[in-house]
Amino acid sequence: MKLDSNDEDDVALFDAEEDSATRKKRIKHPMASFFHLFFRVSAVLVYLLCGSFGGSFIACMVTIILLLSCDFWTVKNITGRLMVGLRWWNQVDDDGKSRWVFESRKASGSQSSASRSSNAESRIFWLGLIICPIVWVIFAFFALISFKIKWLAVVIMGVVLQGANLYGYVRCKVGARTNLKNMATNYLGRQFLKQAFTKQEES
């Protein structure tokens with residue numbers, strides 16, 4: 001399996017370089033913004049309500065998994081492209097090799113002014129994308145320590161599906177220039193060298 005990314009200009013997390021105050025505040029894609037949050041927030045609410053008030057476990061599990069699946073598809077295929085100009089997917093080459101592609105929209109010329117996302121949309125997109133997986137990780141922790149084993153599978157599904165979208169879009173953001181593994185390795189290497197030099201100076 002091979003990772004790949006296009007060398008296009010990337011899109012700012014919060015679109016700081018907008019050309020007018022109105023563009024910054026206006027939501028250009030209200031339906032996309034709504035559904036970006038609707039499925040993931042609904043899945044969290046159904047989980048909380050089922051856990052607090054009881055009810056059929058099978059019905060709750062099926063509802064949560066359907067909401068998580070709709071959220072995964074919507075965020076991966078629609079809202080990422082419309083709201084921040086990012087997209088990722090997997091394709092199989094002619095020789096049978098699986099290849100992951102991470103793209104960011106080229107922000108240049110007339111295309112930039114016509115289709116660039118607003119500051120408000122970028123905030124909605126990234127906050128929703130980051131906060132919800134953290135919530136599912138917290139649910140997983142509490143399900144584990146309270147021995148709710150039947151709910152653990154549902155919570156892990158939430159972590160996996162929403163974490164996959166988060167990983168994919170972070171790779172779109174940073175993958176065009178660098179690899180996440182290389183970033184972590186370089187950071188750890190710099191910290192190690194810094195500590196080594198500090199110890200030498202002290203001695």
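Is Phe 147 buried or exposed? Phe 147 is exposed, with a relative accessible area of 68%. Keep in mind, everybody, that what we have up here is a predicted model. Phe 147 sits in the loop between α5 and α6, and there's something else to point at: although Phe 147 isn't a glycine, its phi is positive, about 60 degrees.

Okay, let me back up to the whole protein. We've got 203 residues, and 34% of them count as buried. There are seven helices and three strands, and if you walk along the sequence the pattern goes β-α-α-α-β-β-α-α-α-α. Now take the contacts with a separation of 6 or more: 76% of those come from residues 24 or more positions apart.

The helix I'd like to spend my time on is α3, residues 57-83. Have a look at where α3 bends: there's a kink of about 50 degrees, centred on Val 75. Val 75 is also one of the buried residues of α3, a list including Phe 57, Cys 60, Ile 64, Leu 67 and Leu 68. And it's not just greasy names in there, since Asp 71 and Lys 76 are on that buried list too. Just after the helix comes Gly 85, with a positive phi near 70 degrees.

Right next door to the kink is Thr 74, also in α3. Thr 74 counts as buried because its relative accessible area is 9%, and the cut-off is under 20%. So who does Thr 74 touch? Leaving out neighbours within four places in sequence, Thr 74 is in contact with Phe 35, Phe 39 and Thr 79.

On to the helix partners, starting with α5, residues 119-145. The axes of α3 and α5 are 12 Å apart, and the packing angle is about 150 degrees. That makes the two roughly antiparallel, because anything over 145 gets that label. The residues at this contact divide into nine nonpolar, three polar and one charged. On the α3 side you'll find, among them, Ile 64, Leu 68, Val 75 and Met 83, and on the α5 side, Phe 125, Leu 129 and Trp 136 are included. For those who like handedness, α3 passes α5 in a left-handed crossing.

Then there's α6, residues 149-174. Here the axes come within 10 Å of each other and cross at roughly 0 degrees, so α3 and α6 are roughly parallel. By class, this contact has 14 nonpolar, five polar and three charged residues. From α3, the contributors include Phe 57, Cys 60, Met 61, Phe 72 and our kink residue, Val 75. From α6, they include Trp 151, Val 154, Met 157, Leu 161 and Tyr 169.

Let me finish on one α6 residue, Gln 162. How buried is Gln 162? Its relative accessible area is 0%, so Gln 162 is buried. Not counting residues up to four places away in sequence, Gln 162 touches Arg 40, Leu 68, Asp 71, Cys 132, Pro 133 and Trp 136. Leu 68 and Asp 71 are both on the buried list for α3, and Trp 136 belongs to α5's side of the contact with α3. One last number: Gln 162 and Ser 69 are 93 residues apart along the chain, and their C-alpha atoms are separated by 9.3 Å.

Notes: Residues are numbered from 1 along each chain as its sequence is written. This is a predicted model: local features need pLDDT of at least 70, side-chain atom pairs count only at pLDDT 80 or more; totals for chains, interfaces and linings use all residues. Side-chain values use heavy atoms; hydrogens and water are left out. Helices (H or I, at least four residues) and strands (E, at least two) are DSSP runs, numbered from the N terminus. Buried means under 20% relative accessible area, exposed over 50%, partly exposed in between (1.4 Å probe, protein chains only). Contact means heavy atoms within 4.5 Å. Axes are lines fitted to C-alpha atoms, for helices over the stretch in contact, and angles run from 0 to 180 degrees between N-to-C directions. Angles under 35 degrees count as roughly parallel, over 145 as roughly antiparallel, 65 to 115 as roughly perpendicular and the rest as oblique. A crossing is left-handed if the near helix is turned anticlockwise from the far one by less than a right angle, and right-handed if clockwise. Ala, Val, Leu, Ile, Met, Phe, Trp, Tyr, Cys and Pro count as nonpolar, Asp, Glu, Lys and Arg as charged, and the others, Gly among them, as polar. The bend at a residue is the angle between axes fitted to the seven residues ending there and the seven starting there.
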